[in-house]
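Hi,

Here is the structure I promised to pass on. Have a look at it first, and my notes on the empty spaces follow underneath.

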Amino acid sequence: PGWSGIIAYVVFDPLNFTGLGGGRVIARFFKDGKILGGSEKFKPEKTELSSQNAAAEIGGNEILKTGGGYGLRGKIGGVEWNLDFKAELDPIFAFKNAGFDPLNLEKVSWLIEAPFAKVSGKIALGKTKIPISASGYCDSNWGNFLPLASRFNWGQFNGEKISVVFGETENLELGSRKIGRRGEVFVIFKGKKIRFSSEEFTVKNSGWSASGGEKTGRLSEKVFGERKMPKITLVEAQNEKYKLRLAIEAKMTDPIYLDTPLLLKPTVIEQLSFFEGELFKKTSRRDILLAEISGAGFKEYMFMDFFFAREGKSGVAI
């Protein structure tokens, strides 16, 4: 109770064209207004990937494919974890071999390995060992994602009776128009999967504030202005049979900066958030409330930062 966390195993530039290639492992744990853990980079020779599934070993940190899901083992930034994810629902292919850059050349797939999982094991903070028995989520992204050509919104919530995940990408935003937009929303209710296509949902961010919550006084802020991130996200979805409404408020924010050899640095804003909403079944007479959504979940938003504006900010670089 009271703990939330996210662990990511990442491969950047696998052919090492930039000299920055190799593996990245990120572990961030949220508790009582504090964020624990960190990130670490590993050279390509310390990065081994399976060609069959999402199993990997990056600098001794492992993802192990098991009969019921995945096992995660690792140690980064003073935090050690040994966790088993047992999938309670079948995997979902959100999209497969989608083109993500303006010329539609690079292809990427988003596989939701475990929309809802039972998570057991331990997390160690120094000598303090914390037993874990909780709900979880696991996905994998395959292919080539060009972070300078795409931005995204993502969010995920698990409740006792309902799970929700949404993902939205775009190449460019002009006013209220999103160029190159695609996405999916999935709701799992009583074992039934409800899908909303990109034409059937909207994501609106508001309550913008400075990244990291502080000003650095650096040149980039004077010339380009502050990098900003959303506090509130509204998701509305509707198809022929169902209607979903979500209001998401960020409670804790953790910027993750992606190192590239370019001036612009893609920045993923990880937000521990409070989800509140409702799922309705549509009938010819009225909408019937099926489930209420209320509780903690995760939200991500991506923007572009400048490399000379990062010192003094919160978060981690990968």
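**Cavities, a pocket and one loop**

The second largest cavity is lined by P115, Y137, Q156, F157, N158, S163, V164, V165, F186 and I188. Before you go further, please keep in mind that this is a predicted model. The volume of that second largest cavity comes to about 40 Å³. Three strands, β12, β13 (162–170) and β16 (182–189), each put at least two residues into its lining. Sorted by class, the lining of the second largest cavity holds seven nonpolar and three polar residues, with no charged ones.

How many cavities of 30 Å³ or more turn up in the whole structure? The search finds two. The largest cavity has a volume of about 50 Å³, and β12 and β24 (287–306) are the elements that give two or more residues to its lining. Around the largest cavity you will find R151, F152, N153, E170, E173, N205, Y301 and M302. β12 makes the largest share of that lining, with three residues. Here charged residues do appear: the lining of the largest cavity splits into three nonpolar, two polar and three charged.

Now for the second largest pocket. There is about 300 Å³ of space in the second largest pocket. Its lining is made of 15 residues, and E173, S176, K178, V203 and K204 are the closest to the pocket's centre. If you have the largest cavity on screen, E173 will be familiar, as E173 is in the lining of that cavity too.

Which strand gives the largest share of the lining of the second largest pocket? That is β18, with five residues. Both β12 (151–158) and β18 (201–206) supply at least two residues of this lining. By class, the lining of the second largest pocket has four nonpolar, five polar and six charged residues.

β12 is a handy strand to follow through the model: β12 supplies at least two residues to the second largest cavity's lining, is one of the elements doing so for the largest cavity, and does so for the second largest pocket as well.

One last spot, away from the topic of empty space. P14 sits in the loop between β1 (4–12) and β2 (22–31). Is P14 buried or exposed? P14 counts as exposed because its relative accessible area is 59%, and the cut-off for exposed is over 50%. P14 and K43 are 29 residues apart in sequence, and their C-alpha atoms are 9.8 Å apart in space.

Cheers

Conventions: Residues numbered from 1 in each chain as written. Predicted model: local features only at pLDDT ≥ 70, side-chain atom pairs only at ≥ 80, totals over all residues. Heavy atoms only, no water. 1 Å grid on protein atoms, 1.4 Å probe; cavity = no way out; pocket = protein on both sides within 12 Å on 5 of 7 lines; lining within 4 Å. Points joined across faces, edges and corners; volume = space filled by probe spheres on them. Helix = DSSP H or I, 4+ residues; strand = E, 2+ residues; numbered from the N terminus. Nonpolar A, V, L, I, M, F, W, Y, C, P; charged D, E, K, R; others polar. Buried < 20%, exposed > 50% of the residue type's maximum accessible area, 1.4 Å probe, protein only.
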